[in-house]
Structures are given as C-alpha cells and as structure tokens.
Amino acid sequence: MRLTKEEQEMLDGKHGIAVRKSMEILVALGEIFGAKRLIDVVSVQVSGVSYHNLGEAGLDYLADLAKDGKVRVLTTLNPAGMDTENWRNLGIPEDFARKQERVIGAFRKMGIITTCTCTPYFVGNTPHFGEHVAWGESSAVCYANSVLGARTNREGGPSALASALTGKTPEFGMHLDENRQAQVVVNVDAKMERVTDFGALGYVIGNKIGKKIPLIRGVRKASVEQLKSFSASIATYGGTALFHMEGITPNKTTVPDENISVTQEEIVSAKKALDDGCTPDIYSIGCPHLSLKEIEDIAKMLEGRKVKKEMWICVARPIKRIADQMGYTKIIEDSGAKIASDTCMVVAPIKGRFKCLATDSAKACFYGRGKNHFSVVFRDIPELIEEATS
Amino acid sequence: MILRGRKVARGAAEGEALVSSEGISFYGGVEPETGTVVEKGHPLEGRSVKGKVLVFPSGKGSTVGSYALYEMKKLGNAPAAIINKDIETIVAVGAIISEIPCVDQIDIAKIRNGNKVRVNADEATVEVM
C-alpha cells in the first residue's frame, strides 16, 4: 500500500502512540484486503460500547488509547449496556453501571460524541451520497450504504476507532464501485406494508443469499422506518453491507443474471419462524432505535392507557429530548412504559430477567434468542401496544 | 526449514508450536484468565496457548475477539506469536493491538505440535528448528 508522507509519519509514531497503533491496524487491514491506499473518511460510528461485551480488556484498551488519542472526524457511538441517566429504574446493577461509565468516559476523552445510538443517521451523523465513512453496527452500515448511498465497510470496534483517530480508512470493499454491484436479483411477490413485513423480508432474503448484494424488485414503497428495520434484519440474518431496492435506494448497479424470488407464503412462514408463541413478560420497541415519527405514534397510541407488562421504548437521547419537549415522554411514562435511551435489549445485561420478549424487530428476535436465551414474539407496534395495555 | 509468508503484526518471538487444525475464537473460545482453550469439542480443548507459538488456519467468531486477545496479553496468558494460513480481521486487529508477532500465508501443514519455532514477523519468516 502506498502512503503519503504524512501517513508514513503517523505510522512511524510522530503523531503519538494512539495514532501509530491506529495506523498499524489500518495499514495491516489494507494489506490483507489488497487496498492500494488510504482514503479520508468524513465520519465514524464506533461499535463495541457495552461493558457486557467489552469486558475489562476492552476497557483497558480504550483507556490506553485515550491517553493521547483524539478523534479527527465526526465520531458517534453505538448503544451502551444501560441508559446513562435512567439505569436504576431499568434495574441495572450499580457495579455494572460504574464500569459502563468508565467505558463511556474513555470514549468521551477521545472526543467522541457519546450519542449511544444505533441510528446515528437520525441524530446528525448523516453522510450524503458518495461520501466515505467508517462505521460499525451492522444495521447502520447497511442503512448508510444502501439508503443514504454513503460508502463503508462493516467495521469492528478497534478498526472504526482507528479510523476516528486518523480520519482514514483503507480503500477496499464497499469503498470501490466494482464491489457495490448487485450479485443477485430478488423478485418480491408479496405484500409489503408493515414494519414486520420488512423485517420478515430481511430474514428471508438474508437466509437465502448470505453476504451477497441483492437487487430487490417488486417493493413499491418503503418508509424510513421500514428501511431501518429491513437493514437491521438483512444484516443480521445474511450479513450483507449493501442492498439495492429498485425505485427506492439511490445507488446505481448493473443487473446480475442470477434471479431468485420471495413469495407471500415465505413472508408468512418467516413471521411464524420469528415467533415462539410464548406469553410476553417484556415488551421492547425500538430496535434499531425509534424515529421521531415512531415515538410520536407510540405516544398517541399510549395516551390515556396503562401498560400491564414491563415495556421498554428504546430511542436515541436527542430524539427523547424532542419527545420530552413535545410531551410524548410524559404520556409514555404516565402509561407505565419506560423509555430507555443510550441502550437496547441487544446490549443490556438482562439475561435471566425475562423469559418472553415481544418485539417488532426481527433483529431483536435473533439476539433475544441467541444472547439472552429468551423466547420471542414478533408483532407490529400497534398490536404490541394493544396487547400490553389490555 | 524456513517458511515464508506475510507480516501481519510486527515483532519476533520463539517458542513451542501448538497447532490446531480448526479455527480459534478468542471471544468465548479461550479463557483469558488462564490461556486455556475452553471451546467444547475443539482439537485444543483443555490446552493452554500461553507462551506458545499458536498455529491455526484462521480466526472465527465475534469481533470482540480482538479485545479478548488484548486481555490475555495484559494478563500474561497470550501466545508468544501467532501463525495463520489465512488471516481475517479479528485476529489481525487483535495481534496488532496486543503487540503479538503474527504472520500469515504460511503452509501450516509443515509445522508439528511441539516443534521449536522462531517467528520473525518483520521479515515474514517462520523458522522450524
């Protein structure tokens, strides 16, 4: 890989230890994946924030980097293992909270904006078409590449951080046109109307094509919320970093020869496969974190009603601030539901606390089952609220 | 015998080879407190990687594995060096941040358990002594 004079100096340690280590990571990844050079990124989303996943080692690593590391581009943060203000009310142990605070403190020391959300594109980390970024968080990666038309590989925690501290990423994979072309046409012949339809579609396509890039045809309309849910689902069940949806997403692509189809029956059976038919003891909405529109709708649905089960509404803190201002937070909390910012069901240490999770998120079904050993129920938000309040 | 490959993480080290025919996950698959492989049914289950030249085809599992390797190093339980057939990002990043010498693109079938091995990552060589 060819480095500029400045990049070579960064690698040689002239810009400090954190920059040297970061450049070592980026150059090694570049060499492994055949990059010819480093390119500038305009923003970074760092994953690997929950102390639950990082452990003492991750915390040590972050604390070491924070000694002389400072971010060079706009950098936002994935959800943590708890709501940083409301953790007691959500039953997070004191000891965990202290450790999680140290993790967030190390990120803040490096100049990272501690947004703690998986939807950075809702809170101001919103790259435009064609911009290069280095993002972690598989759902946000898929949304950024596909819906926004920005360009990012699927970064892990340390490599995203390395990009933040240097403003660079090796140019390979999703950064290059030739790797962004569709590999299989997916003809959808099914009713796509609700968020769970899109979650189920992500499940079906992800399971069929894995990491291949699809060109999806036959979806006439999709809202931001539906595309958010679909991005999370297809990235979870398949692992792709990019999809094309004809008439909806902005990227250009060549049309591949391979064709597959998705039928209405497959969507119906996917919904069955994502539902264990258990009786929920926890309702969780907001995976990925809710949009402004979703929290507004939820407030309207909950107004004057009482939830009879534990209900978590997961949302980025800046969106919650607007909800505070609009009176939505009060309506939601008066109903007995809890708003959880900075965190979600996937990364919070809640294993063993609940048995049956009800959610509108196909991604949350996967992690609820896998990481937390919950049974799951998969329904749209209006049905979840109806059930939880009656 | 000298085998040639590609440098992943700089440095040099020598030690006894511990060879696995299967991939290793450092998150959940190896206990950082002891360096012992704990993955059920793994060919190295119950063996310690501490101070060994660890030889395996490729990494697998969660990206948090990079941090787990770093923790092993901090606790003094990391391998002395790592040799892979095909490196992937988790082990590459883990070796770099932990400063464990690492090379890949090595014909690992030529290395036997217990061989004394010298890894010089800067020169991308593995000497089987």
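How many of the 390 residues of chain A count as buried? The figure is 61%. Keep in mind as you click around that this is a predicted model.

**Stop 1: chain A as a whole**

Select chain A and switch to cartoon. You should be looking at 14 helices and 14 strands. The radius of gyration is 21 Å, close to the 21 Å that the globule rule gives for 390 residues, so chain A is as compact as a globular protein of that length. Line the view up with the principal axes and the C-alpha atoms fill a box of roughly 65 × 55 × 35 Å.

Now turn on a surface. The accessible area of chain A comes to about 14800 Å², and carbon and sulfur atoms own 50% of that. If you like contact maps, here is a number for this chain: among contacts with a separation of 6 or more, 79% are between residues 24 or more positions apart.

**Stop 2: a parallel sheet in chain A**

Next, pick residues 43–46 of chain A, which make up strand 2. Add strand 3 (74–77) and strand 4 (134–135) of chain A. These three strands form an open sheet in the order 3-2-4, with parallel pairing. Strands 3 and 4 of chain A are the edges, each pairing on one side only.

Zoom in between strands 2 and 3 of chain A: four bridges hold this parallel pair together. For a concrete spot to label, take A:Ser43, whose bridge partner in strand 3 of chain A is A:Leu74.

With the sheet still on screen, add residues 157–166 of chain A, which are helix 6. Helix 6 of chain A packs on the sheet and touches strand 2, strand 3 and strand 4 of chain A. Its direction makes about 150° with that of strand 2 of chain A.

**Stop 3: the cysteines of chain A**

Where is the disulfide? Select A:Cys278 and A:Cys356, which form one with their sulfur atoms 2.1 Å apart. There is one disulfide over all chains, and this link is right-handed, with 70° about the S-S bond.

What does the link tie together? A:Cys278 lies in the loop between helix 9 (264–273) and strand 10 (282–285) of chain A, while A:Cys356 lies in strand 13 (residues 356–359) of chain A, so the pair joins parts that are 78 residues apart in sequence. A:Cys356 is buried, with a relative accessible area of 3%.

Now try A:Cys142. Why does A:Cys142 have no bond to A:Cys118? The sulfur of A:Cys118 is the closest cysteine sulfur, but at 13 Å it is too far for a bond, since a disulfide is a pair of cysteine sulfur atoms within 2.5 Å. A:Cys142 counts as buried, at 0% relative accessibility.

A:Cys365 is also worth a click. This residue is in no disulfide, and the nearest cysteine sulfur, that of A:Cys287, is 8.9 Å away. A:Cys365 counts as buried, with a relative accessibility of 0%.

**Stop 4: chain B as a whole**

Hide chain A and bring up chain B. Its secondary structure comes to two helices and ten strands. Walk along chain B from the N terminus and the elements run β-β-β-β-β-β-α-β-α-β-β-β.

What radius of gyration does chain B have? The value is 13 Å, which agrees with the figure near 14 Å for a compact globule of 129 residues. The C-alpha trace of chain B spans about 35 × 25 × 25 Å along its principal axes. Buried residues make up 56% of chain B.

Put a surface on chain B as well. The accessible area is about 5300 Å², with 47% belonging to carbon and sulfur atoms. Among contacts in chain B between residues at least 6 apart in sequence, 69% join residues at least 24 apart.

**Stop 5: strand 10 of chain B and its partners**

Finish by selecting residues 125–128 of chain B, which are strand 10. Strand 1 (residues 2–4) of chain B runs antiparallel to strand 10 of chain B, joined to it by three bridges. Label B:Leu3 and B:Val126 to see residues standing opposite each other in this pairing.

Then add strand 9 (residues 116–120) of chain B, which is joined to strand 10 of chain B by four bridges and also runs antiparallel to that strand. Here B:Asn120 stands opposite B:Thr125. Strands 9 and 10 of chain B form a hairpin with four residues between the strands, where B:Ala124 takes a positive phi near 60°.

Definitions and conventions:
Residues are numbered from 1 along each chain as its sequence is written. Chains are lettered from A and ligands numbered from 1 in the order in which they are written. This is a predicted model: local features need pLDDT of at least 70, side-chain atom pairs count only at pLDDT 80 or more; totals for chains, interfaces and linings use all residues. Side-chain values use heavy atoms; hydrogens and water are left out. Two strands pair if DSSP finds at least two bridges between them. Contact means heavy atoms within 4.5 Å. Axes are lines fitted to C-alpha atoms, for helices over the stretch in contact, and angles run from 0 to 180 degrees between N-to-C directions. Buried means under 20% relative accessible area, exposed over 50%, partly exposed in between (1.4 Å probe, protein chains only). The radius of gyration is taken over C-alpha atoms; the globule rule is 2.2 Å times the number of residues to the power 0.38. Accessible areas come from the Shrake-Rupley method with a 1.4 Å probe; for residues, only the protein chains shown count as cover.
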